There are 2 protein chains.
Amino acid sequence: MKTKDVNRAPKNEMVELPEGERPTLKTIAFMAGLGVTTVSRALKDAPEIGRATKNRVQLIAKQIGYRPNRAGVRLRTGKTNVISLVLNAQSEIMGLTSNMVYGISEILSQTPYHLTVTPYSVENDPMQPIRYIVETGSADGIIMSRTEPDDARVRYLTEHGVPFATHGRTEMGIEHPFHDFDNEAFAFKSAKSLLLKGRNKIAMMAGPTSAVTYHRHLERGFSRAIEEGKAQAILVPDIDVDTSLERIRDRTEEIMSGSNRPDGIVCCSGSAAIALVAGIEAAGLKIGRDVDLVSKQSTDVLRWFRPEIIVFNEDIRHAGRELARAVLRRIDGVDASELQSLSYPEE
Amino acid sequence: MKTKDVNRAPKNEMVELPEGERPTLKTIAFMAGLGVTTVSRALKDAPEIGRATKNRVQLIAKQIGYRPNRAGVRLRTGKTNVISLVLNAQSEIMGLTSNMVYGISEILSQTPYHLTVTPYSVENDPMQPIRYIVETGSADGIIMSRTEPDDARVRYLTEHGVPFATHGRTEMGIEHPFHDFDNEAFAFKSAKSLLLKGRNKIAMMAGPTSAVTYHRHLERGFSRAIEEGKAQAILVPDIDVDTSLERIRDRTEEIMSGSNRPDGIVCCSGSAAIALVAGIEAAGLKIGRDVDLVSKQSTDVLRWFRPEIIVFNEDIRHAGRELARAVLRRIDGVDASELQSLSYPEE
DNA sequence: TCCCAAATCTGAAACGTTACAGGTAGGCTA
DNA sequence: TAGCCTACCTGTAACGTTTCAGATTTGGGA
């Protein structure tokens, strides 16, 4: 052994831990009388390290509370241990963000991953935060929402080989991990349930601008039900989920005061439903009597206020969990086609 | 010059940018015919670098889209450029998390800082995520909520010299950055407004367990108003903001069906108010007639559903902005005593 | 002309980690 | 006994940055 063993602890023997500094591989190496490389390998159970050594090293590591330095690992390997949630700040549908965050965290908390949240405003290019993350390599995986049928972000990330999962589907022939709520089923069931109540002039408050994929799903489900029920669809193209609540209420009041007013409404956002209710009641009508309302919701609010409203639940927290699991597995190299899931409206 | 200038670009002359790899200081140094050190310094406007050189370096950096490698900086300096938001997942009061996140992001987006969110569950030790962050040095600053009068986290972080800001005040004689909503004023004004309506048997639905500081503020404001108005305070110690909505509703129904029922209620959480309303109406009473309700809210929901409810607004998004500004300035060494702010209930 | 200080610029080292390319010891085969 | 293989361990280099301790150049004063 031609090592400069001067101030290294004797091999195969432990030693008191030194100063109060944060322990590094070197600390452990010194204490165990081993080389840094060996320690590194021992901690990750590499096959070329002896059982006894591994045990010893792992014991010391645990005892002195060693935690790998993120910056060191990241600099060397490029691995960030970060999952980035990229959200549109405006399209905050009642509790979406929180539930998404908590769902994702539930999964990540059992892993070495951290969650960073990157909101962007609707006026900005949705690509911008994505490009930033990729260019600076600031995350190992991305979760994003507001997926569009032909989504530039999906294309970009796929081309760059960056793992991601989307909340919502695309229609561009690229396999990628996603989790989606079955909005077609929701719209269908919703309209159906209105038909069952004898309603036959039915309006739908659709998802945000037709740019977003699930808008199409909603329309598909809705028209199918309308056709089957031979009912009349009343189109209200000028308001959607992104419209301000004030405007939704005012417009609803207008429509509900008009001659050809709907007697049933399907609404696909909990917060919009609140404005709808306000508009309906401002027009002097009563829910459950003059008009029925079916809404999607992600929190409990609606049920409490107007029990007459029919509600199908979308569990965003569950979506968060699914999305987190999907990116993580994608990072581990699992095939994208195995990481696609759908959840169904619960009554 | 005894440098090995073999493959370095001629000094004082620019050169085409090389490969498609992510540019580093070395890339710029090569292109500018300078040393890496000089480039590093030039980019941060160090005084020992000539004007001309600085301009040249900064131009190149901009042209090739240079962005410092986070891991490199972090490894060398310990600076993470991360602000960590530590939240209790259970105490999610309607939109608190989202608004907080968006408020903070608004400020951080103009800086090199990123936001990471670390939720913990109420069963767990609140110190745990804090300790983790400090021990692993994973953030430059921390924002946390649910501040207690004697808060172990505040003590710990102060001792360790880690910058932080709290949403809520402490009462432990330690100066630290905070932002708080004036809950005493809220409770006082709320109770006052009920008195003004002629109500005189008033209950308050207080904040989460008395452990949290603002609970005291609420009680102080409330009792002051009650005394001044010579009214009767009705205590409901068994439900608070952390109680499940179901339980709040049931208990409210019980109370409101009882003989000595309040004719005015102060509620300090928007979501709890919803449950209160349900309970009140389940007891066959009408808000605005049999009983008046004042509530704090952080979103628009209440106003839409029961316009009779008197509402004081707490702007959580604004709190987020204030807190972000506070930590950032604290990181820059500003004195804690200058980073304390209060916001007042808006009608 | 010479020397000195100021103005600029420089390479080497270090942060903590992992990948690479060996090295050593011991046992087994021939 | 020599040679070789296996099992285990090793130091060095590199990731990109900043800090340290100079080095070089320039211009001015004597």
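**Two protein chains and DNA strand D**

Let me begin with the DNA: 30 residues surround DNA strand D, and the closest are Thr38(A), Thr53(A), Ser40(B), Tyr66(B) and Arg76(B), where a residue counts as near a strand if one of its heavy atoms lies within 4 Å of it. Of the atoms of DNA strand D that come within 4 Å of the protein, sugar and phosphate account for 61%.

Before going on, I should say that this is a predicted model, in which local features need pLDDT of at least 70 and side-chain atom pairs count only at pLDDT 80 or more, while totals for chains, interfaces and linings use all residues. Residues are numbered from 1 along each chain as its sequence is written, chains are lettered from A and ligands numbered from 1 in the order in which they are written, and side-chain values use heavy atoms, with hydrogens and water left out.

Which atom of DNA strand D lies 2.8 Å from a polar side-chain atom of Thr37(A)? That partner is a base oxygen, whereas a backbone N or O atom of Gly50(A) lies 2.9 Å from a phosphate oxygen of the strand, and a polar backbone atom of Leu25(B) is 2.7 Å from a phosphate oxygen of DNA strand D. By class, the surface near DNA strand D has nine nonpolar, 13 polar and eight charged residues; here Ala, Val, Leu, Ile, Met, Phe, Trp, Tyr, Cys and Pro count as nonpolar, Asp, Glu, Lys and Arg as charged, and the others, Gly among them, as polar.

Turning to the two chains, 41 residues of chain A are in contact with 41 residues of chain B, contact meaning heavy atoms within 4.5 Å. The area buried between them is about 3,700 Å², of which carbon and sulfur atoms give 66%; buried area is the accessible area (1.4 Å probe) that two parts lose on being put together, summed over both. On the side of chain A, Tyr102(A), Trp304(A) and Phe305(A) lose the most area to chain B, together 23% of what that side buries.

How many salt bridges are there between chain A and chain B? The count is two, a salt bridge being a side-chain nitrogen of Lys or Arg within 4 Å of a carboxyl oxygen of Asp or Glu. Glu135(A) forms a salt bridge with Arg67(B), with the closest N and O atoms 3.8 Å apart.

Finally, within chain A, Glu184(A) counts as buried because its relative accessibility is 17%, the cut-offs being under 20% for buried, over 50% for exposed and partly exposed in between (1.4 Å probe, protein chains only).

Notes. A polar contact is a pair of N or O atoms within 3.5 Å; within protein, one must be able to donate a hydrogen and the other to accept it, and residues adjacent in sequence count only if both atoms are side-chain atoms.
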